[in-house]
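Colleague: I am new here. Please take me through this one step at a time.

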Amino acid sequence: MNIATDYILALSGVLFVIGVLGVLVRRNAIVIFMSIELMLNSANLALIAFARAMAPAAEALRGHVLVFFVIAVAAAEVAVGLALIVAIFRTKHSIDVDQVSSLQG
Amino acid sequence: MDTRDLISILPLLVLAGWACLLLLIDLFVPRDRKSITAILAAIGISVALVINLMQLGEVRQAFNGMIVLDGFASLLITLFLAVGLIAIAQAYDYIKRRGIERGEYYSLLLFTLCGMLLMATAGDLIVVFLALELLSIPLYVLAGFARPQLESEEAAIKYFLLGAFASGFVVYGIALIFGATGTTALDGIVASFAATQENPVLLLVGSGMILVGLGFKVAVVPFHMWTPDVYHGAPTAVTAFMSVGAKAGGFAALLRVFLAAFPELSAAWAPMAMWIAALTMAWGNIAAIAQKNIKRMLAYSSIAHAGYILMALPAAANPTVAPEALRAVLFYLFGYAITNLGAWGVVVAMEKAEGGGLAIEDYSGLSNRRPGFALAMALFMLSLTGMPPTVGFIGKFYIFRAVIDADLIWLALVGVITSLISAYYYLRVIVVMYMRSGEPETRSESWLNATVWLTGLGTIVFGIVPGPLLALASQSWLSSLVP
Amino acid sequence: MPSDYLPIAVLIVLATAVAFIAILIGHLFGPRRPTVKKSDTYESGMRPIGPGTRRMSVHFYLVAVLFILFDIEIIFLLPWAVVLREIKILGLIEMVIFVLVLLVGFVYAWKKGALEWE
């Protein structure tokens, strides 16, 4: 079965929008962070779909390479992000971003 | 790959290898002797700087065009490494005083610098993304370095969430551009679009998303809301580095990507950049007036300056003005770096242990207590306003001229008017320092003093004799723009 | 072709309908006589101790963070292994450097005590 590139791109677009809305709407730092991961992975999906569409061309590899880097970088972001969230939870006992506001002024 | 490729990125290799080694060396440095790590880090940066200066003027591509070494890259690398050296000098005593002296500080600083170096030489969107993340991730940690102090942790998490959000936009933008043109190489994108004229909408949306993502990084309105909080909460020495290094890194990417990869679309992004620049200058300067805390004031000032720098982008969209605009923006970045690092250096010196000494009122009477410092701060404030005889004036002059030459008179007018507005809050600091009486508590730490003197000297010297730096900037081409 | 998906759509509708109908019938006609035993979490299993949502030790997060960092690097090792024959000695050297960099991180984590449980 061969799914047209358009459908995959539509899915990727929907995932990206869900991710953006998640960041804007949710208040829990971990959920916001998950939404960001969703954005990154929707981009991965788009990259792979484009790479598949131009498949035999050597340039298609660039898409694959970028996907690898995005995955690796996302892991690094997870590490730093989780560490920061744990650190702030220890100090404040909350990860609600609305309460992270002692700096407003 | 051959050795020539490796030589092209030798400063980066030295810096990255040294950062990894330093992480290990630091494990064996006793807790009370972390100054050793600082000095070792400074040595690493100096070696990279020397290598880079030896390569100045070379133009070549490496790694199949993934890396582009040209005048633009070399000059910015020089700037980044110099900023790194000053940042180490400013942090040296500051992190001891704050009780957050850990050796990782310097390793993280080196890693961030690696990201900036890579950003300046990126010739492919994949490298742009990698550089952006390498620049950002260590900075998130540095912003939270004063843990477990709540302010610093909050700054870190805000910076992290919004920074990661922005990089999501950048990646998706890159994906769309890859889909539209079938390549991620900056020169390939131009060639592909020029040949086929296909998918302009996809390309347009993709470049727009990259503009949004990088706009977050350099803090332009309306993507600036994190800036005051993060600059306020992060340890001041980190803020100083961030406000100069991260901003210059972001602009390096912005200029190279938009001028090298999307010149064909300039009719679409130039007006967008124009409006963002105008909004940024206006809002940054107006919001700064209301600030009572000097860190927040300087944060809004840095937003405003991002607007002035961004003005050069629409001007450079006009091919005949591009050389002039590029020269102006490079000079401005240098001037801004010198001035801003100096101003933040004074803030570092004035900060008390528990986050006190940061209100503008706390600067009352500085002219009696430390006349030298007050004079330096006055110079920095004049330079940020853009008054002669400082480097800030020359920088603004050339930016405005480039903008006028590109027939964007109204944009230049916005720049001039907002500069006048900015004089109000910059001069207020001078008034407080010289006209009010008070007994401010200051510190005299030799390395910190040295950075303030050095930047103060730079502010005035380059303000009076801008010629050499200007000549250097005008030779610093983006290699893709060489006719 | 979208029409190829028609059987799948029919299947989804049927499966959902059957599931709902089964629950509905049981709900309407089934006798309900709850006893203490029946409303236990596990009717014939272990007695639960303490609440179900206990706070986890922060150590788990630390281990998870370290795991994901080193785990993800496999995505670079796997493609490398596939083309190793073609990229020859240069590829080997590059991968040695890559693993050495990872090793720096590992040694750092080890010396900092991140791998100790207490």
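Modeller: A definition to begin. Helices are DSSP runs of H or I with at least four residues, strands are DSSP runs of E with at least two, and both are numbered from the N terminus. The model is predicted, so local features need pLDDT of at least 70 and side-chain atom pairs count only at pLDDT 80 or more, while totals for chains, interfaces and linings use all residues. Residues are numbered from 1 along each chain as its sequence is written, and chains are lettered from A and ligands numbered from 1 in the order in which they are written.

Colleague: Which helix of chain A gives the most to the side that touches chain B?

Modeller: Contact needs C-beta atoms, placed from the backbone, within 7 Å. By that rule, 39 residues of chain A are in contact with 37 residues of chain B. Helix 1 (5-25), helix 2 (29-53) and helix 3 (60-92) of chain A each give two or more residues to this side. With 18 residues, the one that gives the most is helix 3 of chain A.

Colleague: How many residues on the side of chain A that touches chain C are charged?

Modeller: Ala, Val, Leu, Ile, Met, Phe, Trp, Tyr, Cys and Pro count as nonpolar, Asp, Glu, Lys and Arg as charged, and the others, Gly among them, as polar. This contact takes nine residues from chain A and eight residues from chain C. On the chain A side, nine are nonpolar, none is polar, and the number charged is zero.

Colleague: Are helix 3 of chain A and helix 7 of chain B roughly parallel or roughly antiparallel?

Modeller: Axes are lines fitted to C-alpha atoms, for helices over the stretch in contact, and angles run from 0 to 180 degrees between N-to-C directions. Under 35 degrees counts as roughly parallel, over 145 as roughly antiparallel, 65 to 115 as roughly perpendicular, and the rest as oblique. The axes of helix 3 of chain A and helix 7 (residues 150-181) of chain B come within 10 Å and cross at roughly 165 degrees. That makes helix 3 of chain A and helix 7 of chain B roughly antiparallel.

Colleague: How many charged residues are in that contact of helix 3 of chain A with helix 7 of chain B?

Modeller: The contact of helix 3 of chain A with helix 7 of chain B has 15 nonpolar and three polar residues. The charged residues there number five.

Colleague: How many residues of helix 10 of chain B are buried?

Modeller: A residue is buried if 20 or more other C-beta atoms, placed from the backbone, lie within 10 Å of its own, exposed if 12 or fewer, and partly exposed in between. Helix 10 (residues 226-233) of chain B is mostly covered. Its buried residues, Trp226(B) and Tyr231(B) among them, pack against helix 6 (125-143), helix 7, helix 11 (236-261) and helix 13 (294-310) of chain B. Of its eight residues, the buried number eight.

Colleague: Which residue does a cis peptide bond join to Val221(B)?

Modeller: Most peptide bonds are trans. Here omega is about 10 degrees. The partner lies in the loop between helix 9 (200-218) and helix 10 of chain B. Joined to Val221(B) is Pro222(B).

Colleague: Where is Pro389(B)?

Modeller: The peptide bond from Pro388(B) to Pro389(B) is cis too, with omega near 5 degrees. Pro389(B) is in the loop between helix 17 (371-385) and helix 18 (391-405) of chain B.

Colleague: Is Asp407(B) buried or exposed?

Modeller: Asp407(B) is in the loop between helix 18 and helix 19 (409-435) of chain B. Its phi is positive, about 65 degrees, although it is not a glycine. With 12 C-beta neighbours inside 10 Å, Asp407(B) counts as exposed.

Colleague: Where is Lys88(C) found?

Modeller: Lys88(C) also has a positive phi, about 55 degrees, and is not a glycine. With 10 other C-beta atoms within 10 Å, Lys88(C) is exposed. Lys88(C) is found in helix 4 (residues 84-111) of chain C.

Colleague: How many other C-beta atoms lie within 10 Å of Ala306(B)?

Modeller: Ala306(B) is in helix 13 of chain B. Not counting residues up to four places away in sequence, Ala306(B) touches Val218(B), Ala219(B), Val220(B), Lys247(B) and Thr280(B). Ala306(B) is buried, and the number of other C-beta atoms within 10 Å is 28.

How values were computed: Contact = placed C-beta atoms within 7 Å.
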